[in-house]
Amino acid sequence: MSVINSTWSSTIEQPPSCVAFCPQCPEIVVVGTYLLHEAENTQTGSDSANDGQQTRTGTLQLFRCKDLALHELQAVALSSAVLDIEWSPHVNEHGNLLVVATSTGSLDFYKLENEQLKLANQHQVSGSDVLVLDVLWHPVLSNIIGITSSTGEVVLCSIKEESRWPDNVDVKLDVVTTHMLEPWTLAFSINGREIYSGGDDMVFQCSTIDDLEAPINLWRDRKQHSAGVTSILPLSADMCLTGSYDDHIRLLGLPVQGSKSVLAELDLGGGVWRMKLLHVNALHRKESYFGESSENDHMSSIITSRSYTILASCMHAGARIVELKQQHHDSTNATQGMTAADWHFEVKAKFVEHTSMNYGSDTHPYHTSDGKVMIVSSSFYDRRICLWQYDSTEANLA
């Protein structure tokens, strides 16, 4: 395991909560911040609910990543804090559109134009005293966005198919499911027909959303995690990664029938707040349909092993590069009949320059010519952002 040093670092004015590179303008990265203000009572002995009320503000800070450093282009001051940000994957419909989850119950939309963020619209999706905790674009349908809120709800926000989010349109809100405590994270399935959510109540659950007005909870699991579920990363229809406050990253098997099971897990030394898939590698073996292989035989390609490289934001432990690897598996379906012995995690590298909570990290969309990937990570209380590189060939050669 290698320990990586930064190529650049800086302290910013407010605590960073999230980071996102722009997929279509890969040199552009946005950092969202979250600042809690503790107001003092204005009247001695006052019992007024308005006295001593907490307020939150934030910023969107726009940087250009160039020459192994970040160069600030813009800072947008906000009257609410930023909890999450995500660029739209639906470029044909939206262009470079950023959605922002705020501490005042709104989704704010910003367009990137001439290396500047411009507010396009704000949609109030909950009460002004509600925090939107997580936000995610639907992978297939550009008119649907998933959110979780501090009220415990997992909600699908949708507009008419012919509409666009920056326009002044009505937003339909459908509650998919709820958690007893804060639902920190959500994820859509690969095909977009299900939605996963995880919360402080240790519940990891899945609902089908074929009919937005009548979602069906398919299952709820409270056995696999010993603390709150903080991140979810689906890998296939029947495999999913989860991160938890209990410091573990887990690979869960999700069969259509039967109980969910842990196929692999590893203690990363800190709560696994967010995960990002960096690389997928599959090894194939050619095999004849007729047993003995020959030059003229029809050949099938069988996956014998696969690996996934993941960037994990591990709160007080900093960032980790983790490899999930499958052992040799002789089956035409690599996930059929899996057992825990088939998979294992390994920490390939760690970044430990952060001295407080690493909540936000993201990777440059493209590798360099020599196989390196640039990563921006942040830490909350010390208000630090760092740029560093990971050599992706290390995972491929392992």
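The chain exposes about 17800 Å² of accessible surface in this predicted model. Carbon and sulfur atoms supply 46% of that area. Of the 398 residues in the chain, 55% are buried. Contacts were also sorted by sequence separation. Among contacts with a separation of 6 or more, 52% join residues 24 or more positions apart. The secondary structure consists of two helices and 30 strands.

One sheet was examined in detail. Four strands form an open sheet in the order S20-S21-S22-S23. Their pairing is antiparallel. Strand S20, residues 229-236, lies at one edge, and strand S23, residues 261-267, at the other. Each of these edge strands pairs on one side only. Neighbouring strands of the sheet are turned by 20° against each other on average, direction ignored. Strand S22 spans residues 248-253. Six bridges connect S22 with S23, in the antiparallel sense. In one of the bridges, Gly 253 is partnered by Ser 261 of S23.

Charged side chains were considered next. The count of salt bridges comes to 11. One of them involves Arg 250 and Asp 246, whose closest N and O atoms are 2.9 Å apart. Arg 250 has 5% relative accessibility and counts as buried. Asp 246 is buried as well, with a relative accessible area of 11%. Both values fall under the 20% cut-off for burial, so neither partner of this salt bridge counts as exposed.

A second salt bridge joins the side chains of Lys 276 and Asp 362, at 2.6 Å from N to O. This pair links distant parts of the chain, with the two positions 86 residues apart in sequence numbering. Lys 276 belongs to strand S24, residues 274-288. Asp 362 belongs to strand S28, residues 361-363. The two partners fall into separate accessibility classes. Lys 276 is partly exposed because its relative accessibility of 31% lies between the 20% and 50% limits. Asp 362 is buried, with a relative accessible area of 8%.

Some salt bridges share partners. Such bridges join Lys 172, Asp 174 and Glu 213 into one network. Within this network, the side chains of Asp 174 and Lys 172 meet at 2.7 Å, N to O. Asp 174 is buried, at a relative accessible area of 10%. Lys 172 reaches 34% relative accessibility and therefore counts as partly exposed. In this salt bridge, then, a buried Asp 174 meets a partly exposed Lys 172.

The last site lies in a loop. Ser 163 is placed between strand S14, residues 153-158, and strand S15, residues 172-178. Is this loop residue buried or exposed? Ser 163 is buried, because its relative accessible area of 16% is under the 20% cut-off. Ser 163 and Ser 142 are separated by 21 residues in sequence. In space, the C-alpha atoms of these two serines are 9.6 Å apart.

How values were computed
Residues numbered from 1 in each chain as written. Predicted model: local features only at pLDDT ≥ 70, side-chain atom pairs only at ≥ 80, totals over all residues. Heavy atoms only, no water. Pairing = 2+ DSSP bridges. Axes fitted to C-alpha atoms, helices over the stretch in contact; angles between N-to-C directions. Buried < 20%, exposed > 50% of the residue type's maximum accessible area, 1.4 Å probe, protein only. Contact = heavy atoms within 4.5 Å. Areas by Shrake-Rupley, 256 points an atom, 1.4 Å probe, with all protein chains shown as cover. Salt bridge = Lys/Arg side-chain N within 4 Å of Asp/Glu carboxyl O.
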